[in-house]
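Me: I am new to this structure. Please walk me through it with short answers.

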Amino acid sequence: MTATARAAAAQGAASAEQAGRAAPVSQPASPAPQATADSARNSSQSLRRALTILDALRHDAARGLSLVELADVLGTHKSTVSRLLAPLVEVHLVRRTPTGRFVLGAGTLRLGQAYLEGLDLRTVAEPHLADLMRASGATCHLVVRDGLDVVYIDKQENTAVVRMASRIGHRMPLYCTGVGKAILAASDVDLLESVLAHPLSAVTARTLTDPDALRAELRTVAQRGYAIDDRENETEVRCVAAAVVDHTETAIGALSVSALASHMPPARVRELGPLVVQAARAVSAGMGSVRCGYEPTGRNV
């Protein structure tokens, strides 16, 4: 190679090196915003459909559903349902039976047990009880049933009005309190029969001491959804109460609004009834109930 050729080659190499240093290293293209949004929507839609499958199987837990039936529920193709079922079966949330139908799997039981272990009635009820106190402007109570009595476990008091004598830990009979009658009306008849096996002692002049009168009162409670203590436990106090039920639809407690009768005339009682029922249903839902309240005619009628 001549000197001229060597010089030209050296100059060319230098130019190439300089060009290489100047050229930026290419990076993978970022996904377009629209493509990212579409992917998120698709994932969200798939999750909603998978949850719809679980809910549909919950409503037909014993028999289960076929692939065709699930496709009808979702309004989509069988191939889409099969794709959604695959990860649910893999993590045991859904199980395929030998007949080819799909039922809830053992994984749902583990989730349910974990949920129930974390439930505490007082913790679940606290925000709803506080909301009820603010909405009613009166003192609100939360009780649990203990045998044939109720025990007060929480109290939200409006300090701007007359203070109630009730206290946490206080115990009262089921038959003469609004919360107790709410629990009786939402419970099986065996509980009422246990109450009636003992004398119904008069706490005030208005306490229901006749078994037939108490039965009739509980039928009314079951039909309208809330109980009224009309000065039956304290001579000057009215109370409106509704039962709280758990995941087995068993009445485990009740919540109430209480005030002096002079501050809670009958018209105000009728206004408060739906508010108390709404709060009790919210607490019941938090405790795992699906029905969240009374059956239309009451369980003990």
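Me: Leaving aside neighbours within four places in sequence, which residues is Asp154 in contact with?
Reply: This is a predicted model: local features need pLDDT of at least 70, side-chain atom pairs count only at pLDDT 80 or more, and totals for chains, interfaces and linings use all residues. Residues are numbered from 1 along each chain as its sequence is written, and side-chain values use heavy atoms, without hydrogens or water. Contact means heavy atoms within 4.5 Å. With neighbours within four places set aside, the partners of Asp154 are Arg122, Glu126, Leu129, Cys140, His141, Leu142 and Ile168.

Me: Is Asp154 buried or exposed?
Reply: Asp154 sits in strand S4. Helices (H or I, at least four residues) and strands (E, at least two) are DSSP runs, numbered from the N terminus. Buried means under 20% relative accessible area, exposed over 50%, and partly exposed in between (1.4 Å probe, protein chains only). Asp154 has a relative accessible area of 6%, so the residue is buried.

Me: How many helices and strands does the protein chain have?
Reply: The protein chain has 301 residues, and 41% of them count as buried. Among contacts with a separation of 6 or more, 59% join residues 24 or more positions apart. The secondary structure comes to 10 helices and eight strands.

Me: Which helix gives the largest share of the largest nonpolar core?
Reply: A nonpolar core is a set of buried Ala, Val, Leu, Ile, Met, Phe, Trp, Tyr and Cys residues joined through side-chain atoms within 4.5 Å. The largest one has 29 residues. Strand S4 (149-156), helices H7 (178-185), H8 (189-196) and H9 (211-224), and strands S7 (237-245) and S8 (251-260) each supply at least two of its residues. The largest share, five residues, comes from H7.

Me: Which residues does Val143 touch, not counting those up to four places away in sequence?
Reply: Val143 is one of the residues with the most contacts inside the largest core. Nearby sequence positions, up to four places away, are not counted here. Val143 then touches Leu121, Val150, Val151, Tyr152, Ile153, Val179, Ile183, Ile252, Gly253 and Ala254.

Me: How many residues are in the second core?
Reply: The second core is separate. Met133, Val240, Val244 and Leu272 are among its members. Its size is 27 residues.

Me: How do H7 and H9 pack: roughly parallel or roughly perpendicular?
Reply: Axes are lines fitted to C-alpha atoms, for helices over the stretch in contact, and angles run from 0 to 180 degrees between N-to-C directions. The two axes are 9 Å apart, at an angle of about 80 degrees. Angles under 35 degrees count as roughly parallel, over 145 as roughly antiparallel, 65 to 115 as roughly perpendicular and the rest as oblique. That is why H7 and H9 are roughly perpendicular.

Me: How many charged residues are in the contact of H7 with H9?
Reply: H7 brings Lys181, Ala182, Leu184 and Ala185, while H9 brings Leu214, Glu217, Leu218, Val221 and Ala222. Ala, Val, Leu, Ile, Met, Phe, Trp, Tyr, Cys and Pro count as nonpolar, Asp, Glu, Lys and Arg as charged, and the others, Gly among them, as polar. The contact has seven nonpolar and no polar residues, and its charged residues number two.

Me: Which residues of H4 meet H3?
Reply: The axes of H3 (residues 67-74) and H4 come within 9 Å and cross at roughly 100 degrees. That makes H3 roughly perpendicular to H4. From H3 come Leu67, Val68, Leu70, Ala71 and Leu74. They meet Lys78, Val81, Ser82, Leu84 and Leu85.

Me: Which residues in H4 are buried?
Reply: H4 covers residues 78-90, 13 in number. From first C-alpha to last, H4 reaches 18 Å, close to the 18 Å expected (1.5 Å times one less than its number of residues). The buried residues in H4 are Thr80, Val81, Leu84, Leu85 and Leu88.

Me: What is the phi of His92?
Reply: His92 lies in the loop between H4 and strand S1 (94-96). His92 counts as partly exposed because its relative accessibility is 47%. Its phi is positive, in a residue other than glycine, and near 70 degrees.

Me: Is Glu249 buried or exposed?
Reply: Glu249 lies in the loop between S7 and S8. Its phi is positive, about 65 degrees, although Glu249 is not a glycine. With a relative accessible area of 16%, Glu249 is buried.
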